[in-house]
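Here's a walk through one protein model, going from single elements up to the whole chain. Have the coordinates open as you read.

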Amino acid sequence: MAGREEVGGGGGGGGRGGVAILSGEVNSVDSSLTETCLENCELKYPILIFIFFHKAIRLELESLQKSATDMATGQLVDTQALFERYHFVRSIYKHHSYAEDEVIFPALDVRVKNVAQAYSLEHKGESDLFDHILELLNTNNQKDENFTKELASCTGALQTSVSQHLSKEEEQVFPLLIEKFSIEEQASLVWQFFCTIPVNMLAKFLPWLSSSICIDDYQDMQKCLSKVVPNEKLLQQVFFNWIAAGENIKMSGSCNSDTGMQLTTDFSYSSSLYQETDRLDCPCETSKTVKRKYTSPNVDIVDTRELHPIDEIIYWHSAIKRELNDIAEEARRIQLSEDFSDLTIFNERLQFIAEVCIFHSIAEDKIIFPAVDGELSYFQEHAEEESNFYVFRCLIENMQNEGLKSSSAADFYKKLCFHADHIMETIQRHFDKEEMQVLPLARKHFSFEKQRELLYHSLCVMPLKLLERVLPWLVGSLSENDAKTFLRNMHLAAPAPDTALVTLLSGWACKGRHQNPCLSSGAIDCCDFRLVCPCQPVQKSFHEKPVKQNAFADEIVSDRSCIVPGLGVRSNNLGLSTLSKTKSLRSLSFKADAPPINSSLFCWETDTSISDMGHGVHPIDTLFKFHKAIRKDLEYLDVESEKLGDCDESFLRQFTGRFRLLWGLYIAHSNAEDEIVFPALESKEALHNVSHSYTLDHKQEEKLFADISSALTELCHFRDGHEGNLMGNDTLRKYNELVTKLQGLCKSIRVSLDQHIFREELELWPLFGKHFSVKEQDKIIGRIIGTTGAEVLQSMLPWVTSALTNDEVNKVMEIWKQATRNTMFSEWLHEFWKESQTSSQSDILEDKTHKGVDSCKSLDQNEQMFKPGWKDIFRMNQNELETEIRKVYLDPTLDPRRKSYLVQNLLTSRWIAAQQKSIQEMEDGASSIEGIVGQCPSYRVSDKQIFGCNHYKRNCKLVAACCGKLFTCRFCHDEVSDHTMDRKATAEMMCMHCLMIQAVGPSCVTPSCNGFFMAKYYCNICKFFDDERTVYHCPFCNLCRLGKGLGKDFFHCMTCNCCLALKLVDHKCLEKSLETNCPICCEFLFTSSAAVRALPCGHYMHSACFQAYACSNYICPICSKSMGDMAVYFGMLNALLASEELPEEYRGLVQDILCNDCERKGTANFHWLYHKCGFCGSYNTRVIKSERTNSNCPHQGDDDDRQPLIPRTSSDRQTG
């Protein structure tokens, strides 16, 4: 994009300020640059001047936090001074954020996509925090104890939020700016940054910055600034005067530790400006608040013959109306000519006048109206005008982006003229109203000097970038006398330290006069002061009494002639969208009764697709529904932390438990995002770098959680140490300090996570709908669920569902059921809730997940349908049994594995029933004499008296539900029985320490055993005990497996329905691939206790079977693909074939082959054993056809003489 033409002149100057449009290829981010902070980096990069601001704002916020904490703990603090300090920091930080959003971030977005938006959204959240604190300070309940605690916690949250934001910028943004921009481009960006900040804020910002840092940093900042400010003496004098002012304040106020308050008083234009309004002063008279170098005794006489300076507002009104009238005429010309090819220029003119009107409105709201009448306000009119400009510009930009169709041309031209006329009429009414109501009051109550000061301060509300264009535009519309009066009033109103600034502004104004460029000669006749013409060589007398400044600034100022330079900054910086610009500019008008930034007047830049996500059920919605539960618990921590000052032990334990639960589930959620969701986003080329900021958020939030945990532990230890007696003054004060600290941390984590979640939903959520199909989203959710262990799910499900509505729960469970459709998750879910001891959790699942529960119940009922009792089986004839078997085969709800199991049981049911009946009769007869069979301990290591069996180490035996006998494990039962044991049906166990039979559980309930554990690991679903290995229960296999757990060393693949090592994330998926028999030994793999190996083709076999099979084969016995990397072996075959020489009669033969690895057909030279694929180089091929192709072969015989070539497979040769 190119910068637009200057309206009414401007321009020029040299230096390093002229790079406005920074183009370049969009590159990926070098992650190594973000691994270290920039604190130790040499300050040779101009962009690092922002490091000094970060240090200063951190110190200021730390001081505010200390003052707020002191107030909360009962110490005396000046509330009014604190209020002014908050206002000052808010003003400084907001303008800094606005300048970043307008200059730095758009430039970065040109070179590196998807980084800047997250930081702009953070600025919005920090602005809301400032507004909340100021609203709190404006309330009348400042004597309330809760007020001081709320202020302290909100200030702590603000400090945390801003500090996190600054740290992230230093870790991610600054390294990118250093990497992607040259030193000259960085200097240009920083210079544009300064030129975007209003002049009155620069006059506060730079002195505050220089006074807030140490002497070494001050010197480094001067060196940095010398690279940034263009090499023009007047510009450098302006900026270094401001820097030197801050150093002077630091020296004069060194005894005052309250730096923030000092600066607020010294650099506030509004504190003493409007106090004396009834006395007419000579404009050249020495002022108590502003010291002047030049005086004149005859000013009053001259002033009485002139117009009031405040009437210059009419100049602005006339110029604005004239420009708007020209725009309206241009709109009608476009309508008549039906030529919209020059809409770009038209749009740029509209952009310019919109900026002028906005800053003019800000100046009136902040300077003019509060001085004239505190109750006078035209805020609604200003907001309406801004809204009209916004609608007008959106109409033009949409037309530029979409193009003009013949069907819409007439409507567009009609709207164009309507909006132009409407804006003109609205502003005309507004200006007429102001001129009738405001100007008479100002003429009546203000002296000429005060009027000039009001106008000068109103002018300084604009940034230098806009002033360079506005002044020649305004002065160019005035007569020569009016222009001279305008310059004269500006010079008389400017304080002495602003001499260089007002000279610069005068020079820019003179550029608007084409016939008589110098307006300064004779402009002031009443004073000894003769304005130094910025268009002429600087006289030596200008330097006779220089403003006191640092040595560096003195070195710059010399007697060499100084032509007024331009800033070298283009007006339309890097194509910033007008919507963002308008929103940002209005947000800088700190009017107490201003509507919030997210009101209907100022629409926040959001993507409408975020609302569209709710129209249908998307798998990714599950992830963001989790946010609702997080918000609910964050609110609980924030609100309930206020009660910690006066609570009992039970409340503290409940609070701590709720916090621990939230922390654990947050870790699971953030890990899922960092390891699964964010990499999925980054895998899309258009979304590179979009998630890095959120990863940094997770690290900072984890530290906040750790700080809260430490504070809770310290609070609990303090209460335990004093045994609940907190009556002493010192003890109570210390306890209140701990509670205040904890309350502030809870507020901080709530604000931090709230803003993090808000940005994720605003920026990331819509990306899934745009860039990911439903199938891809389903896979992402499956990956997340597959890394979530049973223990986490047991805590997560009731926690999440309690925060959702019934409809939301049903949608979430529908998504989960779809993602886990190939697994045993529904079975696990039903068994878990059935075994749960918490009735409230059972009610939640029964009420809110009725669909999942109903399916589990129907499955259970179907299983019971195909399990007739033994008496029923005895009464069945063969036809009835066959009928039951057919029911099994026809039931669509049963998977093949379950069908096979039920059919086998039915086919052998008569024999099993007979055996069970005889065994039961024998046991019933002997039970009265011997008791239960096996009621004695068994040992894994007899000599060491270690309980267990050959299969497991455990301290209990299980009562088999099928036969009522005691066995150490199911394998021990199956080895001596003619039936298998269903361990999940186990209800009783025997402790091998006391031999007492009791309900199955993790420990013995006999008092003599004193809670003796049956094993280190116990699963209440599988009724499984293990005392020596690391075991976890997979809720998707619904089985216990060896390993540390899901998300630790294994994950569950929802397609394959098996647990795989984390290193196999990118494996080949085959649906339910583990639910089959081993191709070597034919054992069912899903429930096998032996280790299983995954093959590259997606099939599985036992590891032991693989070792034996691979000794003589290298192809999968199921699909014939290679079972590993065969590059070395195939290389050996290449060398072998290269050394072989075929007989002459076979050299002309080729064979058609099919490659088993790449599944492509091709041809290969004849060979009796090996045939190489021409596509992938594999020898794992098979011959499908042979023919003779070389007709010149000397040994070619007749067709009848040729022997048929037997098709063979290259892999038929054994490798061992």
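Helix H23 covers residues 649-682, and its 34 residues reach 47 Å from the first C-alpha to the last. That's close to the 50 Å expected at 1.5 Å a residue. Still, H23 isn't free of bends: there's a kink of about 40° centred on Glu673. Bear in mind that this is a predicted model.

Now for the strands. Two antiparallel pairs are worth putting side by side:

| Strand pair | Residues | Bridges | One facing pair |
|---|---|---|---|
| E3 and E5 | 956-959 and 988-991 | three | Lys957 and Met990 |
| E11 and E12 | 1050-1053 and 1058-1061 | four | Phe1051 and Leu1060 |

E11 and E12 make a hairpin, with four residues between the two strands. In the turn, Asn1057 has a positive phi of about 55°.

E3 and E5 belong to something wider, an open sheet of four strands in the order E4-E3-E5-E6, paired antiparallel. Which strands stand at the edges of this sheet? They're E4 (966-967) and E6 (997-999); each has a single partner strand, so one side of each is left without a neighbour in the sheet. As a reminder, strands of a sheet pair through backbone hydrogen bonds, either parallel or antiparallel.

On to the packing. Nonpolar side chains tend to be buried together in soluble globular proteins. Here the largest nonpolar core has 162 residues, and those with the most contacts inside it are Leu151, Phe194, Phe239, Ile353 and Trp473. Helix H12, residues 343-372, gives the most to this core, with 17 residues. What does Leu151 touch, leaving aside residues up to four places away in sequence? Its contacts are Ala68, Met71, Leu82, Tyr86, Ile133, Leu136 and Leu137. There's also a second, separate core, this one of 132 residues, and it includes Leu623, Leu738, Met989 and Leu1046. Met989 falls within the span of strand E5 (residues 988-991).

Finally, the whole protein. It has 38 helices and 17 strands, and 52% of its 1216 residues count as buried. Among contacts with a separation of 6 or more, 70% are between residues 24 or more positions apart. The accessible surface comes to about 55,500 Å², and carbon and sulfur atoms account for 51% of that.

Definitions and conventions. Residues are numbered from 1 along each chain as its sequence is written. This is a predicted model: local features need pLDDT of at least 70, side-chain atom pairs count only at pLDDT 80 or more; totals for chains, interfaces and linings use all residues. Side-chain values use heavy atoms; hydrogens and water are left out. A nonpolar core is a set of buried Ala, Val, Leu, Ile, Met, Phe, Trp, Tyr and Cys residues joined through side-chain atoms within 4.5 Å. Buried means under 20% relative accessible area, exposed over 50%, partly exposed in between (1.4 Å probe, protein chains only). Contact means heavy atoms within 4.5 Å. Two strands pair if DSSP finds at least two bridges between them. The expected span of a helix is 1.5 Å times one less than its number of residues. The bend at a residue is the angle between axes fitted to the seven residues ending there and the seven starting there. Accessible areas come from the Shrake-Rupley method with a 1.4 Å probe; for residues, only the protein chains shown count as cover.
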